[in-house]
Amino acid sequence: LGWTGSGGATDLWRYDTTTNAWTAMATFPGAGRYDAMCFVIGHKAYVVGGSTGGPPYKNDVWMYDAHQNTWTQMNNSPVGHVDACAAFAIGNHGYIGGGDDGSSSYNAFYKYDTTTDTWASIASYPIALAPTGNSRAFVVGSTGYVCTGTINYSHTLPSGYAYDTTTGAWTEFTNMGANGIERGYAAAFTIGNCGYIGTGKDSLGGMLQDLWGYCPCQNVTATYTIDNSSIQMNIYPNPSSGLLHIKYNVLSGQDLDFRVTDMFGRIVSTYKINSQEQEATINETSLSNGMYFYQVMDSGKLVSSGKFIIAK
């Protein structure tokens, strides 16, 4: 999807990380659009609303099945004809909220149940002027973190708020202004047990290029740089049945922390790797088939990360 400069696009492309190649997939059957919200659950992506060039915005919902390469229209979104919402997925549920209709902004949030194709209202975003400006979110564990966006397109979101699916409540998790990282139109993603935001636009219209990492388990907000010069790591076979061999070349004399997380950022295993041995084996045969991620920490510093697939 996206905007071509003259209209909304409907094409979809798949990127293969192994071959570094792109493949055209089934064309989106709805109206071409940009600013659509999206959340992913398993092998299905849910595309919600978007703009065809201005208000009134769309409120239709489409599900893309990556196994079948097909699109299916689902029940419409309850947020109405609202654009630039925040969206994320936790477990079997998708979450969307905030946004504006071209003249007013909203702070209502909703939960989508993929098994029943139904929407339910949840606690509203905790500030009256909800984030617009392509608000972004990342997920760590059972919590969604809405941390970028603008207020009425003129002021950047002053604080980040987290929605805990266990308690059903929002809490402020960081003061964006205090850290100097408030922004709209940013990128946000999760790797392992940390969330990341970067680039975007500040309240004066300046384009940004910094990247920040937030790790709730460590209660710190900091910049991260993966120093690939300090460690070379090879995990094989990949895919595997769960018995993984690791070869590495470490310049540091410290032992390494090796952490495995699932697709939802939940830590499933932790290991200590002896930096002097240069080789290790981990047994993850008890894990279910699927994709997993690993992070390697050296004295608290992220030095390597990647993914592996278990296919028994």
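The paragraphs below lead through two sheets of a predicted model, then its salt bridges, one buried acid and its aromatic pairs.

Because this is a predicted model, local features are reported only at pLDDT of at least 70 and side-chain atom pairs only at pLDDT 80 or more, whereas totals for chains, interfaces and linings use all residues. Residues are numbered from 1 along each chain as its sequence is written, and side-chain values rest on heavy atoms, with hydrogens and water left out.

We begin with the sheets. Strands, like helices, are DSSP runs numbered from the N terminus (E over at least two residues for a strand, H or I over at least four for a helix), and two strands pair if DSSP finds at least two bridges between them. Strands of a sheet pair through backbone hydrogen bonds, either parallel or antiparallel. One open sheet here has 4 strands in the order β3-β4-β5-β6, with antiparallel pairing. Its edges are held by β3 (37-41) and β6, each with a single partner strand, so one side of each is left without a neighbour in the sheet. From one strand to the next the twist averages 25 degrees, where axes are lines fitted to C-alpha atoms and angles run from 0 to 180 degrees between N-to-C directions. Within this sheet, strand β5 (residues 58-65) runs antiparallel to β6 and is joined to that strand by 5 bridges; tyrosine 64 stands opposite tryptophan 71 in β6.

A further open sheet, also of 4 strands, follows the order β7-β8-β9-β10 with antiparallel pairing. Here β7 (86-90) and β10 (118-122) are the edge strands, each pairing on one side only, and the twist averages 25 degrees from one strand to the next. Strand β8 (residues 93-97) pairs with strand β9 (residues 109-113) in the antiparallel sense over 5 bridges, and glycine 94 has tyrosine 112 in β9 as its bridge partner.

We turn next to charged side chains. The structure holds 3 salt bridges, a salt bridge being a side-chain nitrogen of Lys or Arg within 4 Å of a carboxyl oxygen of Asp or Glu. In one of them arginine 33 meets aspartate 60, with the closest N and O atoms 2.7 Å apart. This pair links distant parts of the chain, since arginine 33 lies in the loop between β2 (21-24) and β3 while aspartate 60 belongs to strand β5, 27 residues apart. Both arginine 33 and aspartate 60 are buried, where buried means under 20% relative accessible area, exposed over 50% and partly exposed in between (1.4 Å probe, protein chains only).

Arginine 183 forms a salt bridge with aspartate 210, again with 2.7 Å between the closest N and O atoms. Arginine 183 sits in the loop between α1 (176-179) and β16 (187-191) and aspartate 210 in strand β18, so the pair ties together parts that are 27 residues apart in sequence. Arginine 183 is buried at a relative accessible area of 1%, whereas aspartate 210 is partly exposed at 27%. Lysine 272 and aspartate 257 also meet in a salt bridge (2.7 Å, N to O); lysine 272 is exposed, with a relative accessible area of 63%, and aspartate 257 is partly exposed at 29%.

Aspartate 83, in the loop between β6 (70-74) and β7, is buried yet has no salt bridge, the nearest side chain of opposite charge being arginine 136 at 9.1 Å. For this purpose Lys and Arg count as positive and Asp and Glu as negative, while His and the chain ends are not counted. Leaving aside residues up to four places away in sequence, aspartate 83 touches Tyr34, Asp35, Gly50, Ser51, Tyr57, Gly99 and Asp100, contact meaning heavy atoms within 4.5 Å.

Aromatic side chains complete the tour. The structure holds 26 aromatic pairs, in which rings of Phe, Tyr and Trp (its six-membered ring) have centres within 6.5 Å, with planes under 30 degrees apart counted as stacked, over 60 as edge-to-face and the rest as tilted. Among them, tyrosine 15 and tryptophan 22 form a tilted pair, 5.0 Å centre to centre with 50 degrees between the planes; tyrosine 15 is partly exposed at 36% relative accessible area, and tryptophan 22 is exposed at 57%. Phenylalanine 173 and tyrosine 214 form an edge-to-face pair, 5.0 Å centre to centre with 65 degrees between the planes. Phenylalanine 173 lies in strand β15 (residues 169-175) and tyrosine 214 in strand β18 (residues 207-215), 41 residues apart. Phenylalanine 173 is buried at 17% relative accessible area, and tyrosine 214 is buried at 10%. Phe88, Tyr95, Phe109, Tyr125, Tyr161, Tyr163 and Trp170 form one aromatic cluster.
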